[in-house]
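Here's a short walk through one protein chain, with a few of its cysteines, a glycine and some helix pairs along the way. Have the sequence and the 3D view open as you read.

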Amino acid sequence: MATTEAEVVVPKTKGRLSVPEWLLPFGTRTSNQMIVFRLLCAAVIFLGWQLLSGALIPGPLDTLQGIGTLFQKGLHEYYIESLITLVTSLVLGFVFSVVFAHLGTIPFFRPYAEFVGSLRVLSMAPLVMWAVFLGIQGNERKIGLMVLFITAYSVPSILQIFDAISEKEKDYYRTLRCSPLMAWWQMTVRARMPQVIAVYVINMGMAINMLPALEALLKTQGGIGVLIGSAERDMNFTEIMAGTVILLASGWLIFKLTILAVAWKWPKAWAKINGGK
């Protein structure tokens, strides 16, 4: 008897092994299990770090001593400098990213938005030189380059959200006799701003990663990257590892707190702003 397209033939196997759900793709798991898995992962990483420690890779205790040495060299001042630069760059980068992405929905301005997105393939070194030639000095140079890269990486991702708007949804607002500007506002701002925020938060990790490298390249503008770059020139592996741990911990914390505060809470807050329950 022939099977129809809706029928699925599942072969019966004898002696099939029972695999726990938490070992299967998309398997179910409890919150307690995830806590245990994360603690186990942390223990494995710490054990691997301890086993690999040697002359070039300082161990955990040596790294703690390196963190103390960095504090004696003014780590807290460098860190505050980097944090202010990062927050300023993220705020300005979001504004420019949203503006260029929304302009990209207009055919006349689409090439300009695509050009901004294409700048993400550029390297930082020539842009730093061009900033020097243009006379951009001080902290403005660092923030300007950060905003440029953040915008270049975020605009294509936001444009993909707007390009995914279906013709059916556009026709819906046409049937309501909305003006083109009102339909544009409803579809891109009111309906999809939470998605834009979520995508920007994901791209934010790139900015956290790029800032120390940019600070080490500029050298004279302050920031934690300058401190780590100085340790690299002196081949001080203990301070390099200490700086790496600080960047990893602080970047992870900033990223997680932003996700909790924005990516999860923002949709509900945005719904209330738009008159939802």
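Cys-41 is partly exposed, with a relative accessible area of 43%. "Partly exposed" sits between buried (under 20% relative accessible area) and exposed (over 50%), using a 1.4 Å probe and protein chains only. Cys-178 also counts as partly exposed, at 26% relative accessibility. And how many disulfides does the structure hold? Zero, where a disulfide would be a pair of cysteine sulfur atoms within 2.5 Å.

A quick word on where this comes from: it's a predicted model, so local features need pLDDT of at least 70 and side-chain atom pairs count only at pLDDT 80 or more, while totals for chains, interfaces and linings use all residues. Residues are numbered from 1 along each chain as its sequence is written, and side-chain values use heavy atoms, leaving out hydrogens and water.

Next up is Gly-68, which you'll find in helix α2 (residues 60–72). Helices here are DSSP runs (H or I, at least four residues), numbered from the N terminus. Gly-68 is partly exposed, at 32%. Its C-alpha atom is separated by 9.3 Å from that of Glu-239, even though the two are 171 residues apart along the chain.

Now for the helix pairs. Two packed helices are described by the angle between their axes and the distance between the axes. The axes are lines fitted to C-alpha atoms over the stretch in contact, and angles run from 0 to 180 degrees between N-to-C directions.

| Pair | Angle | Axis distance |
|---|---|---|
| α3 (residues 75–103) and α9 (residues 193–218) | about 135° | 10 Å |
| α7 (residues 167–175) and α8 (residues 180–190) | about 135° | 10 Å |

That angle makes α3 oblique to α9. Oblique is what's left once you take out roughly parallel (under 35 degrees), roughly antiparallel (over 145) and roughly perpendicular (65 to 115). α3 passes α9 in a right-handed crossing, meaning the near helix is turned clockwise from the far one by less than a right angle. Among the residues that meet, with contact meaning heavy atoms within 4.5 Å, are Leu-86 and Phe-94 in α3 and Tyr-200 and Leu-211 in α9. By class, this contact has twelve nonpolar, six polar and one charged residues.

α7 and α8 are oblique to each other too, and their crossing is right-handed. Glu-169, Lys-170 and Tyr-173 of α7 touch Ala-183, Gln-186 and Met-187 of α8. That contact has three nonpolar, one polar and two charged residues.

Terms used:
Helix = DSSP H or I, 4+ residues; strand = E, 2+ residues; numbered from the N terminus. Nonpolar A, V, L, I, M, F, W, Y, C, P; charged D, E, K, R; others polar.
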